[in-house]
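Work through the exercises below with the structure in view. Try each task before you read its solution.

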Amino acid sequence: MKIRGLGYVGLHGPDPKIWLDFATNVCGLMPARSVPGDSPGPRGAGPYESGNAIASDGSVFLKMDDWQWRIAVHPDERPGLRYFGLEVAGPDELASASQELERAGLAVKTAGDRELASRGIHGMVSVVDPAGNRVELFQGVTKDRDFQSPRGVSRFLTGSLGMGHLVLLVPDLAKARAFYCDVLGFVLSDYVSFGPNQGIWFLRCNERHHTIALLHVGPVSALHHLLLEVGEIDDVGCAHDRAVAAGLPITTSLGRHTNDRMFSFYVKSPFGFDVEIGTGGRIVDESWTPNQFVDGDTWGHKGLTAETIKSSAA
């Protein structure tokens with residue numbers, strides 16, 4: 001199975017409008033011009049130009065490139081990760097992927113027209129990973145182009161690299177690795193061990209150093225953080241200034257990771273999990289071989305330790 005990249009992420013929490021404010025005014029994402037399933041209308045008129053990021057059920061949709069949306073935030077009593085989409089090349093690849101999932105003994109659900117319209121995609125099957133996360137494999141997207149950050153972010157690195165990465169807290173690392181590597185075809189880039197049976201494993205599906213990371217510190221299943229990669233160091237610095245000015249907790253200070261070379265900081269989002277905003281992530285190819293790293297950072301990133309991760313996951 002060949003996954004092209006992380007296509008979209010669906011979150012949920014008590015008040016999606018709070019996350020809309022955070023995503024636009026701190027992170028620099030753009031409110032979607034229209035929600036999936038709605039026609040934006042012609043250019044120069046109506047909701048296409050004025051923006052219509054909020055659906056009738058209160059869900060919020062956010063844009064970071066020429067895709068109609070990349071992040072959705074749905075209303076729910078409890079905050080967390082609702083689903084994420086992994087892109088495949090086309091309908092034949094999706095059909096083949098579905099067959100592989102079934103052969104692996106997984107319960108595969110095929111999306112109907114209504115669900116496809118709610119994502120703005122052409123085809124989709126979904127499964128649940130060993131940690132309980134809904135994983136959607138999809139093909140075909142809606143593009144409305146003309147991304148412009150309301151906070152002047154030069155660009156977000158997407159395209160063939162996907163929209164960023166997710167770090168997932170998983171209660172059983174062996175089962176999670178078997179699902180993502182043996183079934184979905186992700187490849188190990190490297191890993192860091194915190195101690196016996198604890199650590200983080202970084203997995204790739206394209207040239208981005210990692211698209212999924214599996215973090216095990218105990219019997220916890222949750223989203224630890226979502227990375228948004230921007231184009232310039234100044235984009236990172238300005239986002240850091242905006243986060244500080246907004247009074248948001250900077251959970252991890254500015255620094256550079258050892259393995260993927262990302263220069264970044266982490267800010268606690270309104271729903272509790274972190275958002276990493278960074279630039280300069282490592283690009284790898286098929287000649288890359290996995291490494292074990294003794295520590296996670298070349299410098300900085302104060303606050304990102306095994307102890308703080310364990311306490312946040314408790």
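**Exercise 1: A charged pair**

In this predicted model, the side chains of Asp144 and Lys63 form a salt bridge, with 2.4 Å from N to O. Task: find where each partner sits in the chain.

Solution.
- Step 1. Locate Asp144: it lies in the loop between strand S8 (134–141) and strand S9 (165–169).
- Step 2. Locate Lys63: it belongs to strand S3 (residues 60–63).
- Step 3. Note the separation: the two residues are 81 residues apart, so the pair links distant parts of the chain.
- Step 4. Recall the principle: side chains of opposite charge can pair when their charged atoms come close.
- Step 5. Widen the search: the whole structure holds 11 salt bridges.

**Exercise 2: Two helices**

Task: decide how helix H1 (residues 16–27) is oriented to helix H6 (residues 233–245).

Solution.
- Step 1. Take the axes of H1 and H6: they come within 8 Å and cross at roughly 130°.
- Step 2. Classify the angle: H1 is therefore oblique to H6.
- Step 3. Name the contact residues: H1 gives Asn25, Val26 and Cys27, while H6 gives Ala239, Arg242 and Ala243.
- Step 4. Sort the residues of this contact: four are nonpolar, one is polar and one is charged.

**Exercise 3: An enclosed space**

Task: describe the largest cavity and its lining.

Solution.
- Step 1. Count: there is one cavity of 30 Å³ or more.
- Step 2. Give the volume: the largest cavity holds about 50 Å³ of space.
- Step 3. List lining residues: among them are Tyr8, Trp67, Trp69, Arg119 and Thr142.
- Step 4. Sort the lining: five residues are nonpolar, three polar and one charged.

Technical notes:
Residues numbered from 1 in each chain as written. Predicted model: local features only at pLDDT ≥ 70, side-chain atom pairs only at ≥ 80, totals over all residues. Heavy atoms only, no water. Axes fitted to C-alpha atoms, helices over the stretch in contact; angles between N-to-C directions. Helix = DSSP H or I, 4+ residues; strand = E, 2+ residues; numbered from the N terminus. Parallel < 35°, antiparallel > 145°, perpendicular 65-115°, else oblique. Contact = heavy atoms within 4.5 Å. Nonpolar A, V, L, I, M, F, W, Y, C, P; charged D, E, K, R; others polar. 1 Å grid on protein atoms, 1.4 Å probe; cavity = no way out; pocket = protein on both sides within 12 Å on 5 of 7 lines; lining within 4 Å. Points joined across faces, edges and corners; volume = space filled by probe spheres on them. Salt bridge = Lys/Arg side-chain N within 4 Å of Asp/Glu carboxyl O.
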